[in-house]
Amino acid sequence: MLNFDKTKKVLVTGGSGYLASWIIKMLLDEGVNVNTTVRDSLNIEKTAHLKAFDKNRQLRIFKADLLDSGSYKEAMEGCDFVVHTASPFFISGFKDPEKELIKPAKQGTQNVLNTAKQMPDIKRVVLTSSVVAIYGDTIDIQKTSNNIFTENEWNETSSVNHNPYSFSKTVAEKEAWKIAKSQNQWDLVVINPGWILGPSLSKRKDSFSIKTMIEFGNGTYRTGVPKIFVGVVDVRDVAKAHINACFLPEAKGRHIIVSKTMSFMDIADIIRKHFKNKYPLPSIIVPKPIFWLIAPFLGFTRKYVTKNVGQEIYYDNSYSIDNLKLNYRHVEETIIEHFQQILDDGLLT
Ligand code: NAP
């Protein structure tokens with residue numbers, strides 16, 4: 001870890017979330033004072049783990065909602081840095097993507113960053129964006145100059161109707177850059193993680209990364225998985241990226257945070273090898289034409305299948321290593337420790 005200036009105070013939005021919980025824990029472990037926000041401060045299930053690792057009473061929990069204008073003001077008072085992670089994260093199961101995803105992501109970013117403009121102590125805002133603000137479909141890699149995604153690219157293919165979660169992250173990040181340019185009190189540093197995996201600090205099952213790891217173990221994919229590639233990264237590396245983005249004065253710009261490109265079957269193979277074939281993991285790859293036919297029944301559009309299945313992707317993570325001083329963990333360790341946490345916490349039952 002860096003040598004922290006422990007007099008600085010950090011606001012982390014969305015403290016009950018999978019990623020935010022790790023950011024908060026790592027800051028508290030370093031002796032930094034932290035404020036955090038949750039939607040429901042009375043929901044003990046969502047905050048008990050945060051209180052458990054606040055040994056020195058350096059954490060304060062506030063109530064705020066992305067859609068409630070001005071609700072982040074009290075939590076931001078006296079803070080030097082804002083880490084804005086809160087945003088709705090689900091890629092299926094919504095009825096109205098504009099209302100459930102795009103509006104809270106964009107309006108929430110406006111709400112948090114415009115409040116930061118009114119708070120004279122804030123020196124830096126770190127925004128959790130995503131690699132999906134860099135590309136929409138994996139086929140978009142064919143438009144890059146060297147067949148690799150870099151921080152120079154923007155997602156130009158997502159919309160309310162096609163990959164709306166990716167669209168929500170893209171509009172939110174664009175909004176953040178616009179607000180950052182409208183003032184000169186604080187600077188903006190953006191973190192663009194790939195698919196985050198690794199042990200969770202709470203027993204929540206509804207966070208997308210946790211839910212998917214549970215699905216590997218509970219047989220959801222036992223009949224097979226399509227050949228889909230994702231950039232995997234450990235939750236602890238992503239948390240560290242946010243913290244370094246606060247405390248390193250030279251941190252600047254967007255950062256792809258990905259350790260390794262993997263297919264769903266690569267992930268299943270690591271679990272199978274380590275946990276000795278005890279779980280109903282996928283063992284066959286569903287051919288693209290078959291997946292294309294059945295996709296709508298599984299919550300995917302055929303357009304998504306056409307533009308994503310079978311296309312390998314590559315990410316240039318060198319800027320995060322140079323600018324944020326990151327050392328990535330091996331993804332095998334990430335996947336094994338995540339699956340073990342799910343077993344230990346009894347989440348498969
Ligand atoms: P998560 O566990 O679902 O956390 C999302 C957080 O956002 C929760 O704390 C949630 O609060 C909060 N939130 C959602 N809607 C809100 C609203 N209207 N008002 C206030 N808070 C709201 O997901 P996560 O994986 O930790 O994601 C954290 C961030 O990382 C998100 O910005 C996500 O887009 C980004 N990201 C995640 C991944 C990944 O693979 N996990 C990859 C790239 C980027 P509640 O607890 O009240 O629900």
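Trainee: Which residues of this predicted model are closest to the ligand, and how many surround it?

Mentor: The ligand is surrounded by 27 residues, and the closest are S16, R39, T85, Y165 and S207. Sorted by character, the residues of that shell comprise 11 nonpolar, 11 polar and five charged ones.

Trainee: What makes the pair between the side chain of S16 and the ligand a polar contact?

Mentor: An N or O atom in the S16 side chain is 2.5 Å from an oxygen atom of the ligand, and because a polar contact is a pair of N or O atoms within 3.5 Å, the S16 pair qualifies. By the same cut-off, Y165 qualifies through a polar side-chain atom 2.6 Å from a ligand oxygen, and S87 through a backbone N or O atom at 3.2 Å from an oxygen of the ligand.

Trainee: How much of the ligand's area does the protein bury?

Mentor: The ligand taken alone exposes 890 Å², and 94% of that is buried by the protein.

Trainee: Which elements each supply at least two residues of the shell around the ligand?

Mentor: Helix α1 (18-29), helix α5 (164-181) and strand β7 (195-197) each do so.

Trainee: Why are α4 and α5 called roughly parallel?

Mentor: Helix α4 (residues 97-118) packs against α5 at an angle of about 20 degrees, with the axes 9 Å apart; since angles under 35 degrees count as roughly parallel, the two helices are therefore described that way. In passing α5, α4 makes a right-handed crossing.

Trainee: What is the angle between α8 and α12, and what is it called?

Mentor: The axes of α8 (residues 264-274) and α12 (residues 331-344) come within 10 Å and cross at roughly 65 degrees, which makes α8 roughly perpendicular to α12, because that class covers 65 to 115 degrees. The crossing in which α8 passes α12 is right-handed.

How values were computed
Residues numbered from 1 in each chain as written. Predicted model: local features only at pLDDT ≥ 70, side-chain atom pairs only at ≥ 80, totals over all residues. Heavy atoms only, no water. Near = heavy atom within 4 Å. Polar contact = N/O pair within 3.5 Å; in protein donor to acceptor, adjacent residues only side chain to side chain. Areas by Shrake-Rupley, 256 points an atom, 1.4 Å probe, with all protein chains shown as cover. Helix = DSSP H or I, 4+ residues; strand = E, 2+ residues; numbered from the N terminus. Nonpolar A, V, L, I, M, F, W, Y, C, P; charged D, E, K, R; others polar. Axes fitted to C-alpha atoms, helices over the stretch in contact; angles between N-to-C directions. Parallel < 35°, antiparallel > 145°, perpendicular 65-115°, else oblique. Left-handed = near helix turned anticlockwise from the far one by under 90°.
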